[in-house]
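Q: Please take a close look at the enclosed cavities in this model. I would like to know what lines them.

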Amino acid sequence: MKPIDGMSVLITGGGSGIGAGAAEHLAGRGARVIITGRRQDRVDEVAARLGDRCRAVAGDVTVATDRTAMIEAAVEHGGGLDALISNAGNMYRGPVDELDEQALLDVFHANVVAGMMLVGEALPHLRERRGCVLFVGSVHTQRAFPGVAPYAATKGALEALTGVLAAELGPQGVRVGCVRPGAVFTELNQRAGLMGDDEAKARLEGLGSAHALGRIGTVTEIAEAFEYLMGAEWTTGSVLTVDGGLSLGITNA
């Protein structure tokens, strides 16, 4: 396994949820981390809590100039780039006969297109360090939850992209992977239409019995999967399911 200590890591969507949890976990293991997000106060708060190993850059992955600034900051902070964790994304849901076309395009831009463009721009640096790209999939590609077609479709695209880019970039020494989480409490739940933290968390925890292990997951448990894929030098094209058994289809919920 390649050691995490000293790696330079760029994490998009690092102001909350899985991104913030990944930053904390990886910085705690010696990585030099750049986190990005649209809200300056949120990424600054996370970076301040984590200390010198983490820096924050406000930016929107759907904006080309912001993507360039993110990569430049990561290269400067870490002396190169070993890993890109393309975590930033958004939620859009609704019945298929009520979807707004522009909103659908926007969620594909945020969740799929922006990440693809970021990979392309980061590639020279990743190639130099024989680094890796990690996407974030979803249990929505394995379990059909009505009304979530837009979000599930974007995550399906990312999981397919993982294999294609692994084949494309492997000869260049760059590995590509994807982590597929189950139910984990993050701010994305509020964007799904839930009103507040308590309501969102209660709804997710209600899914606990649908997991083989009887509970929802934590952001740290997802971060551990990132760590594994970052260091696994003979693993590429893999979608690693970390879902407590939710995708098994347990029927006692």
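A: What follows describes the cavities and then the cysteines. The model is predicted. The count comes to 2 cavities of 30 Å³ or more.

The largest cavity holds about 40 Å³ of space. Its lining is made up of Ser86, Asn87, Ala88, Asn111, Gly115, Phe135, Val136, Lys155 and Leu158. Three elements give two or more residues to this lining: α4 (101-129), β5 (132-136) and α5 (149-169). By class, the lining of the largest cavity has 4 nonpolar, 4 polar and 1 charged residues.

The second largest cavity has about 30 Å³ of space. Around it stand Cys132, Val133, Leu134, Arg175, Val176, Gly177, Leu229 and Thr235. Here the elements that give two or more residues are β5 and β6 (175-181). The lining of the second largest cavity divides into 5 nonpolar, 2 polar and 1 charged residues. Strand β5 thus appears in the element lists of the largest cavity and of the second largest cavity.

One of the residues lining the second largest cavity is Cys132. Cysteine 132 is buried, with a relative accessible area of 1%. The structure holds 0 disulfides. Cysteine 132 is in no disulfide, and the nearest cysteine sulfur, that of cysteine 178, is 12 Å away. A disulfide requires sulfur atoms within 2.5 Å, so this pair does not qualify. Cysteine 54 is also in no disulfide; the nearest cysteine sulfur belongs to cysteine 132 and is 17 Å away. Cysteine 54 is buried too, at a relative accessible area of 5%.

Technical notes
Residues numbered from 1 in each chain as written. Predicted model: local features only at pLDDT ≥ 70, side-chain atom pairs only at ≥ 80, totals over all residues. Heavy atoms only, no water. Buried < 20%, exposed > 50% of the residue type's maximum accessible area, 1.4 Å probe, protein only. 1 Å grid on protein atoms, 1.4 Å probe; cavity = no way out; pocket = protein on both sides within 12 Å on 5 of 7 lines; lining within 4 Å. Points joined across faces, edges and corners; volume = space filled by probe spheres on them. Helix = DSSP H or I, 4+ residues; strand = E, 2+ residues; numbered from the N terminus. Nonpolar A, V, L, I, M, F, W, Y, C, P; charged D, E, K, R; others polar.
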